[in-house]
Amino acid sequence: MTKIKTPKKKKTRTNATAETMAAGQRDISVSEFFAKNRHLLGFDNPRKAMLTAIKEAVDNALDACEEAGILPHVYVRVLQVNETRFKLTIRDNGPGIVREQIENIFGKLLYGSKFHRLKMSRGQQGIGISAAGMYGLMTTGKPVVIISKIKRKKAHEVVLKMDTTKNRPSVISDTEHAEDDKLFAEGHGTQVTIELEGKYQKGRQSIDEYLEQTAIANPHAQITYATPTNETIEFPRVIDELPEEPKEIKPHPKGIELGTLIQMLERTDQRQLGGFLTKDFCRVGATKAREIAKGADLTGQSWVKTIGHTEAEKLYDSIQKTRIIAPNTDCLVPIGSKALLAGLLKEVKAEFFAASTRPPNVYRGNPFQIEVAIGYGGGLGRDDSAKVLRFANRVPLLYSQSSCCSFKAVAETSWKNYGLTQPRNSIPSGPLVVMVHMVSVWVPFTSESKEAIADYDEIRKEMKLALQECGRKLGTYLRRRKRMARESERRSVFERYIGEISRCCNSLVGADTDKLYKALLKQARRRTDDADAELDDEGNIVDDGGRLGNDDGVIIVDDLQDLPEQEDTLFGKSAKKKKKKITKKKRGKK
Amino acid sequence: MAKKKITKKKTSKKTSTKAAATPRKSVVDKKRDAATKKKIETLATSVVKRSMAQKEPSFEIPTRSISNMTYNKKKRILEMGTNTQTRSLFNLGQSRKFMQSLLLAKGCRDLIDAEKTLSLRGMYYMGLHTIPGTKEKTFNDQSESDGILEDLEVSLDGLREELHIFAKKRGTMVGNITVVDNGDEINCRKMGSGGYAIPSICEPNVMQFKKCEADFILHVEKDTVWSRFNEDRFWETHNCILTEGSGQPPRGVRRMLHRMHKELGLPVYCLLDCDPWGHYIYSVIKQGSINLAFESERMAIPDAKFMGIRSKDYDRLDLSDDVKIELNDRDITRAKQIAAYPWFEGKREWQREIKTMLNNGFKMEVESLITKDISYVTEEYVPQRLKEGDFLD
């Protein structure tokens, strides 16, 4: 900047001293930091900001309902106040929030129940919803309005402002609603209203898309969406069962870093090392604890207080060297193939669906599990490249597609083997929707805005395996469809010519045309039927439904592709058999 | 071309002799026809029988390719081997051909019944119709039906003539001979500048030889050269028969040459271009062709001689550079192929001839001799060769 100044002007510099600098040195509150760097949280532009706000609110709503064992019904309303200003209202039927916690949850950054535990949930850091409120406050100056009702208690309406310099909420007003408030039909729930600067646009990365995908990944949730254009879109519930409650787990020794270990040593309630290792970690028993302690020249009886930095380092090394079984995986609750298919079937107009759920695996000591579902054909766009729907703990990820691990996994999978076209180093093209879901107690996002999953080898490998499993099913289906087309083509060729042959033979040796035709027709049918039951590519006899017929992870919708039968005019009768032999499975209720 | 041509009227172009008025004997060979008809019916019966028994209708066709052909060293002709291929209805690639075969077999039977003959083109139209209930035609073009007819010939073991089919006629003849074609006497000494068009069918029942004074037959490659010889009345001065086959001679010409050679004992000399294609024409006249190996016995002339043009003629006759036509890649490959044929393999003179041509790097046409003199070929070249007896065998 000094270069711009004219050289003639004498430079006047006030050199700061340590003392003057000290005057400017002070605490930075988290909220101040994020208020300045709001793009880190996904509030970079009005359109994205509005989506992020809704996303955080809906995620919290679903988390709360599930944790309380309530089938979620979420109501989302986007009201346009003026050109650039929107009023978002998100209401759930969750358990409600106790009055004292309301301001902390909605008015303080990094406050929440989810950060300190290792449990699979949508939210992780406790930043989301309060950041949305903060964004609203900053862009419109309007406070957040929260109404929450606990069962058998009166609903509280709290108007909140956030003091960003202190990362502290300040309550503007607090009113109690009447006992017979009709806002929450089930007698409990939370509603949050945020006014913010935004932009509403349909299409890719829109609120509509986000809710649609949320409905796919949460078939047990009912979502009602009132759009700014005054339409009401209903995403119905297709599964009346809540997913199982994920268990909370303790950290796995191999999953922590040295700093975390030291921190844990400082904070533990345990006095002796043995107790610390067995109680604060999972998968460590008394024997394992002794082994680890011995590796660090300590014993199980060593006092935790005496462990300094050097000892901690040794302890850390010892943990890395010791063989410890992988963390238990009952903390993971995948959507499940059946529910995945139900969700996909509801929102995607394809003719073939396949899903697969991988067994749980571990990255950096954190258990995770991958699920993949695909939809092919039907009403999907034939010429575009495939659509990749990414999810993490049932939350759709809409931004930063190409830096996401799941996108890379889709591109790395060789779809050509399954009968699709795929440009080099790219995702396949054709009428295909690929859904990749990662569940984990801790999803490694690339940033706080939770847009993309970090690229861990273990994760990408699992994703590819799941994709390949689905791909194989798709390949089988496509091959069979091709073969059926070929067979029916073959049959029609034969049927075309046998009339000519019958007449020739009649003329040459006086054979009965009609009889001969029927005999040949019978043979033609038999021969093409034979081919229908040919051995498939894995050497098994393809039975009526094919291998896919008995597969729970596959749904084939075949009313989309039934072609009109051609009338056989040769002898004035139509005797074509039904060609399709795939078992028809009923669509999920809609 | 597309019209039905009936052999009985075919001679009208020629100078009609007085025989035209006399009631004509039927040229149809009843016995042969009955046998052919029987063969066609056997084929159809087998199709019906197999169909009714729910077995796949099929028939065998002897393979017409170089792999199924042997050179009979003793007879010095090409012969067809015993390999056959099955044509079956329920094979996607053969289904249509199977249907076409039956259609044409029926067409041939109808021809035999009607005691008429048709051209290949005529047969195409005879079998042509749209398959009921579809938009598909039984034949897309004539080449499709031509191929099927050749298949039928071999699989029925009946000749084209026996199936009452003839090809478009090609080839001309003039010389000291009188023939009877379909009952009309034809004096080949009085054929003007056009010559007598050799018919497609030259079987004894159609074509008889009457009076022949000629000493030999000179076969030239094409019409232009033949015209030179005819204009110079070469056949008169050298007492011979002059024939021409417009390139690769059709079956009619080859059958005619074969019969004159066999029945009248006339030696056959060939004057062809000095290129692989000329060499192969000679090969076909001499040993028979690969495609029609089954007819070699009736067509090949193992004693036919190759008179020229020889590759050494360029130096020997001191021809100008202008006559050189450079060999292209295809020529070279073909020449090497021909040299490797078993019937050329053992002939050292032929190997040398082809080698010289390849070394020269150019080919020459018969017409190149015109650079010496318009009538050099008739007055100098051929008489000289005949005198010296300088031929390739």
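**Exercise 1. Find which strands of chain B pair with strand 7, and place that pairing in its sheet.**

Start with the pair itself: in this predicted model, strand 7 (residues 172-175) of chain B and strand 10 of chain B run antiparallel and are joined over two bridges. For a concrete foothold, look at Thr172(B), which stands opposite Ala197(B) in strand 10 of chain B.

Now widen the view. The sheet in chain B is open and has six strands, in the order 10-7-13-12-14-15. Its pairing is mixed. Reading that order, strand 7 of chain B sits between strand 10 and strand 13.

Next, look at the ends. Strand 10 (196-197) and strand 15 (305-308) of chain B are the edge strands, and each has a single partner, so one side of each has no neighbour in the sheet.

Finally, see what lies on the sheet. Helix 5 (residues 223-231) of chain B packs there and touches strand 7, strand 12 (216-220), strand 13 (240-244) and strand 14 (268-271) of chain B. The direction of helix 5 makes about 155° with that of strand 13 of chain B.

**Exercise 2. Describe how helix 8 and helix 9 of chain A pack.**

A reminder to begin: two packed helices are described by the angle between their axes and the distance between those axes.

Take the two values in turn. Helix 8 (residues 273-280) of chain A meets helix 9 (residues 286-295) of chain A at about 125°, and the axes are 9 Å apart. Angles over 145 degrees would count as roughly antiparallel, and 65 to 115 as roughly perpendicular; helix 8 and helix 9 of chain A are therefore oblique to each other. The crossing of helix 8 of chain A past helix 9 of chain A is right-handed.

Then list the residues. Helix 8 of chain A contributes Leu273(A), Gly274(A), Leu277(A) and Thr278(A), while helix 9 of chain A contributes Ala286(A), Ala289(A), Ile292(A) and Ala293(A). Sorted by class, this contact has six nonpolar, two polar and no charged residues.

**Exercise 3. Work out what chain B brings to its contact with chain A.**

Count the residues on each side: 26 come from chain B and 24 from chain A. On the chain B side, the elements giving two or more residues are helix 1 (30-52) and helix 2 (95-114). That side has 14 nonpolar, seven polar and five charged residues.

**Exercise 4. Sum up chain A as a whole.**

First, the elements: chain A has 15 helices and 15 strands. Second, burial: 42% of its 590 residues count as buried. Third, contacts: among those in chain A with a separation of 6 or more, 71% link residues 24 or more positions apart.

Technical notes:
Residues are numbered from 1 along each chain as its sequence is written. Chains are lettered from A and ligands numbered from 1 in the order in which they are written. This is a predicted model: local features need pLDDT of at least 70, side-chain atom pairs count only at pLDDT 80 or more; totals for chains, interfaces and linings use all residues. Two residues are in contact if their C-beta atoms, placed from the backbone, lie within 7 Å. Helices (H or I, at least four residues) and strands (E, at least two) are DSSP runs, numbered from the N terminus. Ala, Val, Leu, Ile, Met, Phe, Trp, Tyr, Cys and Pro count as nonpolar, Asp, Glu, Lys and Arg as charged, and the others, Gly among them, as polar. Axes are lines fitted to C-alpha atoms, for helices over the stretch in contact, and angles run from 0 to 180 degrees between N-to-C directions. Angles under 35 degrees count as roughly parallel, over 145 as roughly antiparallel, 65 to 115 as roughly perpendicular and the rest as oblique. A crossing is left-handed if the near helix is turned anticlockwise from the far one by less than a right angle, and right-handed if clockwise. Two strands pair if DSSP finds at least two bridges between them. A residue is buried if 20 or more other C-beta atoms lie within 10 Å of its own, exposed if 12 or fewer, and partly exposed in between; C-beta atoms are placed from the backbone.
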